[in-house]
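Good morning, and thank you for making time for this presentation. I would ask you to keep the structure in view while I speak.

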Amino acid sequence: MVRFNDIVDEVMKYNPEADVELLQRAYIFSAKAHKGQTRLSGEPYLIHPLEVAHTLTKMNLDIPSIVSGLLHDTIEDSYVNMEEIEEYFGKEIAELVDGVTKISKIPLKTSEESRVENFRKMILAMSKDIRVILVKLADRYHNMQTLNFLSPEKQIEIAKETFEIYAPLAHRLGIEWLRAELEDAAFKYLKPTEYKLIADNIAQKKKEREAYISEVIGLLRQRLEQFHLDANIFGRAKHLYSIYRKMTLEGLNIDDIYDIIAFRVVVETIKECYEALGIIHAFYKPIPGKFNDYIALPKANMYQSLHTKIIGPHGEKIEVQIRTKEMHRLAEEGIAAHWKYKEGNVFNPKEDRIFAWLRRIIEWQQELKDNKEFMEIFKIDLFPDEVYVFTPRGDVRELPKGATPIDFAYAIHSELGHRCVGSKVNGRLVPLRYVLKSGDTVEIMTSPTHKPSKDWLGFVATSKAKTKIRQWIKTEQREKSIELGKNLLEKELSKHDMNFTKLLKGGDFQPITKDLGFEAVDDLFASVGYGLYTPLQVLNKIVPESEKPPGKIKTIISTFKKGRDNAIKIKGVDGLVIRYAKCCNPIPGDGIIGFITRGRGLTIHVEDCPNVHTYDDQRKVEVSWQLNKDYTFPVRLKVTGSDRKGLLSDISSVIAANKVNIISAQAMTYPDKSAAGMYEVEIEHMSQLQKVMKSIQKIKGVRSVERARNIT
């Protein structure tokens with residue numbers, strides 16, 4: 001159990017001039033605020049803020065951060081208010097505590113929309129002072145250590161959030177030890193069987209492993225000393241989740257993994273790093289393709305080290321990381337190692353790069369209004385797996401794994417991305433879908449008349465490229481919709497001997513704009529272009545009641561509301577033709593969403609249809625199923641299996657037995673004695689579809705039954 005003196009001792013090691021008296025006051029204040037309170041474990045509540053503060057000392061943080069760790073729960077869990085914190089400890093600490101409190105108040109189990117909104121609040125708290133998230137990470141670290149006292153449901157919820165958000169945040173901020181600890185703690189609850197298997201295996205071989213580590217350290221030191229190279233060397237078993245990840249990626253059992261031990265060699269200079277690498281490779285065979293130079297090409301969080309895998313003593317595969325003392329300090333402390341808490345401090349360029357990611361996230365927070373899109377971009381950037389490519393001038397650009405020439409173009413400049421028509425990699429032409437590899441030299445070819453394509457969204461990998469392409473598409477769609485809306489209104493008004501230009505100049509559209517809830521007249525025209533309002537609906541706002549075409553609107557609506565249109569309930573919009581998207585082919589039981597389509601009414605998509613992300617949010621309409629009658633919907637089923645006599649007949653019979661009509665059927669056989677069939681059937685509801693698919697799956701020789709989304 002951590003005591004207050006332990007915190008003071010740790011602080012004095014890296015900051016001998018620290019204001020211990022301020023720490024003492026914060027400790028007493030926290031003790032009084034939490035007096036009589038206990039945690040679910042039965043321990044005094046004060047243990048928690050002490051543990052949080054102690055974790056912050058491991059990051060070598062400043063006194064205001066550690067004080068905030070001691071006070072972070074006083075507002076939420078006691079009688080204390082923000083004014084008291086500011087009165088006793090000053091504005092800086094009060095704002096830190098307030099930021100952590102706001103993050104702590106984020107409800108865990110909410111709708112996806114609310115959850116994303118909460119993460120937006122967390123980003124805003126981070127933007128005001130990065131130390132807020134460092135205190136929150138320390139808070140989550142201790143909470144994960146005591147998760148066993150919560151209900152199984154809460155354990156899963158908190159572990160999942162830790163794994164998806166907090167562990168990647170620790171990685172992005174460069175605090176690798178904390179990332180590993182959070183991943184392992186979450187792994188324990190998300191995959192308990194796998195966790196126990198690996199933990200038991202590691203525990204059983206503890207003595208054997210420790211002896212091996214000691215032997216390797218001795219041998220490495222001996223080899224380096226032969227060349228008068230002094231180094232600190234230490235080894236450890238890899239973290240449990242990293243072992244599990246390797247097992248999953250490579251399809252291995254725990255007994256098949258040999259390189260579960262990593263060694264670190266810490267020297268004084270960069271020159272000595274490369275000397276140590278050469279010495280180690282001279283004595284131990286390096287494994288081809290398993291060397292990474294993160295000194296020449298640092299990771300996004302500024303992590304630097306040489307990584308190599310070698311065949312060590314007794315033929316064991318081991319990983320060796322070689323770095324300077326300064327690199328090791330940065331790897332352990334991460335962003336905290338760069339943060340200077342002095343008035344008037346100016347960051348140097350290296351430190352400025354470290355904060356570039358946070359600034360980028362803050363920009364997205366302001367630019368991206370759609371919560372789903374924001375969360376997608378946020379998660380993309382939380383999980384970078386870098387490749388390093390070169391500009392024609394030899395400058396290095398860091399991109400995520402899977403990046404394409406288009407990602408590279410947008411990384412250079414947005415306009416370069418917009419105008420990209422082709423690319424050369426290492427001097428030869430490649431498709432825009434080409435996946436870049438570390439070491440590639442990329443040259444972008446442009447055209448001043450070229451425009452981005454929606455198709456690019458299907459293969460670009462960077463958050464910047466996705467964001468800029470979507471912004472351009474929305475702007476382009478809006479401009480086209482405004483122009484189309486004007487043309488449609490002009491035609492409709494001319495039928496009644498009314499002049500569109502004259503009405504526009506006279507301000508006649510302003511009252512209509514306000515009445516329909518738009519801010520500008522162009523918004524009104526765009527809504528007509530989108531199809532949200534018809535020209536006739538706008539005309540009816542201008543033309544007196546006596547001059548309205550009799551029964552026109554009713555006739556249109558009644559014409560539209562036939563057949564399967566009645567299966568859809570539309571929120572807030574009437575009189576629209578309803579179409580079902582062929583790209584995803586929704587049926588009752590699917591989650592659905594509607595989009596206004598120019599000249600074609602309302603198109604219904606499945607919620608997770610990939611094409612949904614390419615539509616402008618202003619054209620989105622909430623829809624739901626309302627099935628008062630029996631309607632049928634076309635569905636294509638792809639069936640694969642082993643070719644045998646009567647297979648097609650058996651499948652057709654099973655479909656008919658479920659009282660489902662077959663519209664069409666196609667079958668193919670292949671030389672390897674396999675067969676595939678495509679059946680288009682009429683389905684009333686998801687439950688009927690599932691029943692049919694299960695029945696087909698039971699037929700002898702059938703291997704798989706899948707729903708093919710697109711209907712052509």
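I begin with Arg131, which is located in helix α9, residues 131–145. Please bear in mind throughout that this is a predicted model. Is Arg131 buried or exposed? Its relative accessibility is 4%, and the limit for a buried residue is under 20%, so Arg131 counts as buried. Its side chain has a polar partner: a polar contact links the side chain of Arg131 to the side chain of Glu92, at 2.9 Å.

A second buried residue with a charged side-chain type is Glu161. Glu161 is part of helix α10, which covers residues 152–172. With a relative accessibility of 6%, Glu161 counts as buried. In sequence, Glu161 and Ala186 stand 25 residues apart, and in space their C-alpha atoms are 8.7 Å apart.

Let me now step back to the protein as a whole. The protein contains 29 helices and 20 strands. Of its 712 residues, 49% are buried. How much of the contact count comes from residues 24 or more positions apart? Taking the contacts with a separation of 6 or more, such residues account for 66%.

I turn next to the packing of helices. Two packed helices are described by the angle between their axes and the distance between the axes. I shall present three pairs in those terms.

The first pair is α1, residues 4–14, with α3, residues 47–58. Their axes lie 9 Å apart, and the packing angle is about 15°. An angle under 35 degrees counts as roughly parallel, and α1 and α3 are therefore roughly parallel to each other. The crossing of these two helices is left-handed. Which residues make the contact? From α1 they are Phe4, Asp6, Ile7, Glu10, Val11 and Tyr14, and from α3 they are Leu50, Ala53, His54 and Thr57. Sorted by class, the contact of α1 with α3 comprises 6 nonpolar, 2 polar and 2 charged residues.

Within this contact I would draw your attention to Thr57, a residue of helix α3. Thr57 has 0% relative accessibility and so counts as buried. Leaving aside residues up to four places away in sequence, Thr57 touches Ile7, Glu10, Val11, Tyr14 and Ile66. Thr57 and Val8 are 49 residues apart along the chain, yet 8.9 Å separates their C-alpha atoms.

The second pair is α20, residues 405–412, with α22, residues 463–494. Their axes come within 8 Å and cross at roughly 80°. Angles of 65 to 115 degrees count as roughly perpendicular, which makes α20 roughly perpendicular to α22. On the α20 side the contact is made by Asp407, Tyr410 and Ala411, and on the α22 side by Lys464, Ala465, Lys468 and Ile469. The classes here are 4 nonpolar, no polar and 3 charged residues.

The third pair again involves α22, now with α26, residues 535–542. The axes of α22 and α26 come within 9 Å, with a crossing angle of roughly 55°. Because of that angle, α22 is oblique to α26. The crossing is right-handed. Leu488, Leu489, Glu492 and Leu493 of α22 meet Pro535, Leu536, Val538, Leu539 and Ile542 of α26. The residues of this contact divide into 8 nonpolar, no polar and 1 charged.

Finally, I come to two asparagines in loops. What is notable about the phi angle of Asn60? Asn60 is not a glycine, but its phi is positive, at about 60°. Asn60 is situated in the loop between α3 and α4, the latter being residues 63–71. Its relative accessible area is 29%, and Asn60 is therefore partly exposed.

Asn585 likewise has a positive phi, near 50°, in a residue other than glycine. Asn585 belongs to the loop between β12, residues 578–580, and β13, residues 592–597. Is Asn585 buried or exposed? With a relative accessible area of 5%, Asn585 is buried, whereas Asn60 is partly exposed.

To close, I return to the helix pairs. The pair α1 and α3 is roughly parallel, α20 is roughly perpendicular to α22, and α22 is oblique to α26. Thank you for your attention.

Technical notes: Residues numbered from 1 in each chain as written. Predicted model: local features only at pLDDT ≥ 70, side-chain atom pairs only at ≥ 80, totals over all residues. Heavy atoms only, no water. Axes fitted to C-alpha atoms, helices over the stretch in contact; angles between N-to-C directions. Helix = DSSP H or I, 4+ residues; strand = E, 2+ residues; numbered from the N terminus. Parallel < 35°, antiparallel > 145°, perpendicular 65-115°, else oblique. Left-handed = near helix turned anticlockwise from the far one by under 90°. Contact = heavy atoms within 4.5 Å. Buried < 20%, exposed > 50% of the residue type's maximum accessible area, 1.4 Å probe, protein only. Polar contact = N/O pair within 3.5 Å; in protein donor to acceptor, adjacent residues only side chain to side chain.
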